[in-house]
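Opening a fresh page for this one. I want to go through the fold, the cores and a handful of residues in turn.

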Amino acid sequence: MARTRAFIASWALLLAAAGTAHAQKAPAPGAPPAAGIYTCTDARGRTITADRPIADCNDREQRELGPSGTVRRKIEPTYTAREQAERDEAARQAALAASRQVEERRRERALLMRYPNPAAHDRERAEALIQIDAVIQAAQKRLGELSDERKSIDDELEFYKKDPTKAPDSLRRKADDNVKSAAVQNHFISDQMEEKRRVNDRFDEERARLRPLWATATGSAAR
């Protein structure tokens with residue numbers, strides 16, 4: 001109440017001063033509106049009014065009031081270069097967070113459309129693993145063939161056991177090629193086992209994300 005009385009008194013004084021200065025001069029049609037009153041609450045909690053922007057409130061919002069006491073406009077605080085940079089960075093981070101949230105919601109909707117229920121998710125996981133297992137089985141079959149081939153090579157090399165240098169070059173190359181081919185197949189199988197692990201990890205991660213989405217969708221459908 002005291003602040004209101006002080007504001008009214010300040011307003012009255014400013015109007016009186018303006019009236020004295022312009023008592024003989026009415027505003028012409030189309031002339032700009034009369035100057036407003038600026039008001040703010042400073043750092044110490046004081047309500048200040050003036051006929052121009054208030055320097056003590058440069059660090060906070062000010063309001064310009066019209067003759068009827070209505071707010072004409074709000075004047076944003078004046079920031080230092082560092083403060084403005086900090087505000088800009090905070091706004092940029094907020095925009096990024098909002099963008100990430102929107103993108104996350106989009107991904108969740110796409111995930112739910114692709115896997116509307118646990119059975120659909122289980123089915124696609126099984127199909128992905130079947131394909132990898134088929135490749136692993138083919139490589140293992142090839143390893144079996146290479147093993148049989150190695151036995152045949154070893155049988156031939158048995159004739160040159162006392163002096164391996166006498167073994168034909170073609171036979172030695174065949175033995176080397178067999179070893180290299182077996183190593184390639186073993187490496188390939190190892191890669192596929194790692195891919196199988198990655199696929200399971202991906203589906204496990206998706207499952208964790210989908211559980212609450214499925215629960216929400218089921219609850220909405222029940223209502």
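Below are my entries, in the order I looked things up.

**Entry 1: overall layout**

Note to self: this is a predicted model. I went for the secondary structure to begin with and found four helices and four strands. Along the sequence they run α-β-β-β-β-α-α-α. The chain has 223 residues, and 21% of them are buried. I looked up the surface too: about 16300 Å² is exposed, with 55% of that coming from carbon and sulfur atoms. For contacts between residues at least 6 apart in sequence, I noted that 54% link residues at least 24 apart.

**Entry 2: helix α3**

Does the length of α3 come out as expected or not, going by 1.5 Å a residue? Helix α3 covers residues 118-157, which is 40 residues, so the expected span is 58 Å. The C-alpha atoms at its ends sit 57 Å apart, and that agrees.

Next I wanted its buried positions. They are Ala120, His121, Arg125, Leu129, Ile132, Ile136, Ala139, Leu143, Leu146 and Ile153. I picked Arg125 from that list for a second look. Its relative accessible area is 16%, and the cut-off for buried is under 20%, so Arg125 counts as buried. Setting aside residues within four places in sequence, Arg125 is in contact with Asn200, Phe203 and Asp204.

For contrast I checked Ile130, which is also placed in α3. Buried or exposed, at 56% relative accessible area? Exposed is over 50%, so Ile130 is exposed. I also looked up a distance here: the C-alpha atom of Ile130 is 9.7 Å from that of Lys196, with the two positions 66 residues apart along the chain.

**Entry 3: the cores**

Which members of the largest nonpolar core touch the most other members? The core has 15 residues, and the answer is Tyr115, Ile189, Val199 and Leu210. Helices α3 and α4 (169-222) both supply at least two residues to this core. The biggest giver is α4, with seven residues.

I followed up on Val199. Leaving out neighbours within four places in sequence, Val199 is in contact with Ala128, Leu129 and Ile132. Two of my earlier names come back here, as Leu129 and Ile132 are among the buried residues of α3.

There is another core apart from the one above. This other core has seven residues, including Tyr38, Ile48, Ala50 and Ile54.

**Entry 4: the strands**

I turned to β1 (residues 37-41) and β2 (residues 47-50). They pair antiparallel, over four bridges. Tyr38 has Ala50 of β2 as its bridge partner, and both of these names also appear in the seven-residue core. The β1-β2 hairpin has five residues between its strands, and Gly45 there takes a positive phi near 85 degrees.

Then Gln62, which lies in β3 (residues 62-65). Its relative accessible area is 3%, so I put Gln62 down as buried. What does Gln62 touch, not counting residues up to four places away in sequence? The list is Tyr38, Thr39, Cys40, Pro53, Ile54, Cys57, Arg73, Lys74 and Ile75. I checked the polar side as well: the Gln62 side chain reaches the backbone oxygen of Cys57 at 3.4 Å.

**Entry 5: two positions in α4**

Ser181 is in α4. At 29% relative accessible area, Ser181 goes down as partly exposed. Its C-alpha atom is 9.2 Å from that of Arg142, and the two residues are 39 apart along the chain.

Arg209 is in α4 too, and I have it as partly exposed, at 29% relative accessibility. Beyond neighbours within four places in sequence, Arg209 is in contact with Glu104, Arg107, Glu108 and Leu111. With Glu104 there is a polar contact, side chain to side chain, at 3.2 Å. For Leu111 I looked up the C-alpha to C-alpha distance from Arg209, and it is 9.0 Å for a separation of 98 residues in sequence.

Conventions. Residues numbered from 1 in each chain as written. Predicted model: local features only at pLDDT ≥ 70, side-chain atom pairs only at ≥ 80, totals over all residues. Heavy atoms only, no water. Expected span 1.5 Å × (residues − 1). Buried < 20%, exposed > 50% of the residue type's maximum accessible area, 1.4 Å probe, protein only. Core = buried A, V, L, I, M, F, W, Y, C linked by side-chain atoms within 4.5 Å. Contact = heavy atoms within 4.5 Å. Areas by Shrake-Rupley, 256 points an atom, 1.4 Å probe, with all protein chains shown as cover. Polar contact = N/O pair within 3.5 Å; in protein donor to acceptor, adjacent residues only side chain to side chain. Pairing = 2+ DSSP bridges.
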